[in-house]
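Let's take a walk through this structure together. Keep the sequence and the 3D view side by side as you read.

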Amino acid sequence: RPYLGGRAHSGMAYGADNIVKVAGPVLGDVATQHPDYQVLILGYSLGAGLAQLVTLDCDIGDCSRMLPAQTVVRTIAYGSPPVFTMDTVSDLPLLDNMLLVQNDNDGISGASLKNVHDLMDQVCVIKSMNIKRRSMLKLLFTDLENDSDVEDDIEPILFEYEVPNGDVT
């Protein structure tokens, strides 16, 4: 859904809006009473996605108007999913106050809607090929460079698949 000049995951945007609505005024009061305080937002997984959006709100949204101008807001987000985008990459705000910690083997934190869509398209193509499970495993686990008779065992499969834009391959 539309969020702070871009688009955000709708559930997380609603969650971040609720956090800002409830915690923002309290945070603003405390920051006013203690101008030397800094704000640290921490989150893990779903909480990391919320932390990103709340931090963005504290920089350019309603929350930023609740905080005194000198208030420093920092965020550490562990295993965050992708939650925010703009129409063009150059429009994305640069948030140097946010540290995103990711495990390089975590497929979710590196996923995007496009990645997931492409993966589902590939799964549909493979499923439409109707390759027997045993043949599929043989294709996956056979060393083609060192097995001279593998081509005799694998039959060519011709199929048509209609991609979402209507082309047939």
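What follows goes from the sheet to a pair of helices and then to one residue in the second of them.

Please bear in mind that this is a predicted model. Begin with the sheet: it is open, and its three strands lie in the order 1-2-5 with antiparallel pairing. Strand 1 (2-3) and strand 5 (84-85) are the edge strands, each with a single partner, so one side of each has no neighbour in the sheet. Strands of a sheet pair through backbone hydrogen bonds, in either a parallel or an antiparallel manner. Here, two bridges join strand 1 to strand 2 (residues 6-8) in the antiparallel sense. To find this pairing on your screen, look for Tyr3, whose bridge partner in strand 2 is Gly6.

Now turn to the helices. Helix 1 (residues 10-33) and helix 2 have axes that come within 9 Å and cross at roughly 60 degrees. The two helices are therefore oblique to each other, and their crossing is right-handed. Which residues meet where they touch? Helix 1 brings Met12, Ala13, Gly15, Ala16, Asp17, Ile19 and Val20, while helix 2 brings Leu46, Gly49, Leu50, Leu53, Val54 and Asp57.

Stay with helix 2 (residues 46-60) for a last stop, since Gln52 belongs to it. Is Gln52 buried or exposed? Its relative accessible area is 14%, and because buried means under 20%, Gln52 counts as buried. The side chain of Gln52 reaches the backbone oxygen of Pro81 at 3.5 Å. Leaving aside neighbours within four places in sequence, Gln52 is in contact with Ser80, Pro81, Val83, Met98 and Leu100.

Terms used. Residues are numbered from 1 along each chain as its sequence is written. This is a predicted model: local features need pLDDT of at least 70, side-chain atom pairs count only at pLDDT 80 or more; totals for chains, interfaces and linings use all residues. Side-chain values use heavy atoms; hydrogens and water are left out. Two strands pair if DSSP finds at least two bridges between them. Helices (H or I, at least four residues) and strands (E, at least two) are DSSP runs, numbered from the N terminus. Buried means under 20% relative accessible area, exposed over 50%, partly exposed in between (1.4 Å probe, protein chains only). A polar contact is a pair of N or O atoms within 3.5 Å; within protein, one must be able to donate a hydrogen and the other to accept it, and residues adjacent in sequence count only if both atoms are side-chain atoms. Contact means heavy atoms within 4.5 Å. Axes are lines fitted to C-alpha atoms, for helices over the stretch in contact, and angles run from 0 to 180 degrees between N-to-C directions. Angles under 35 degrees count as roughly parallel, over 145 as roughly antiparallel, 65 to 115 as roughly perpendicular and the rest as oblique. A crossing is left-handed if the near helix is turned anticlockwise from the far one by less than a right angle, and right-handed if clockwise.
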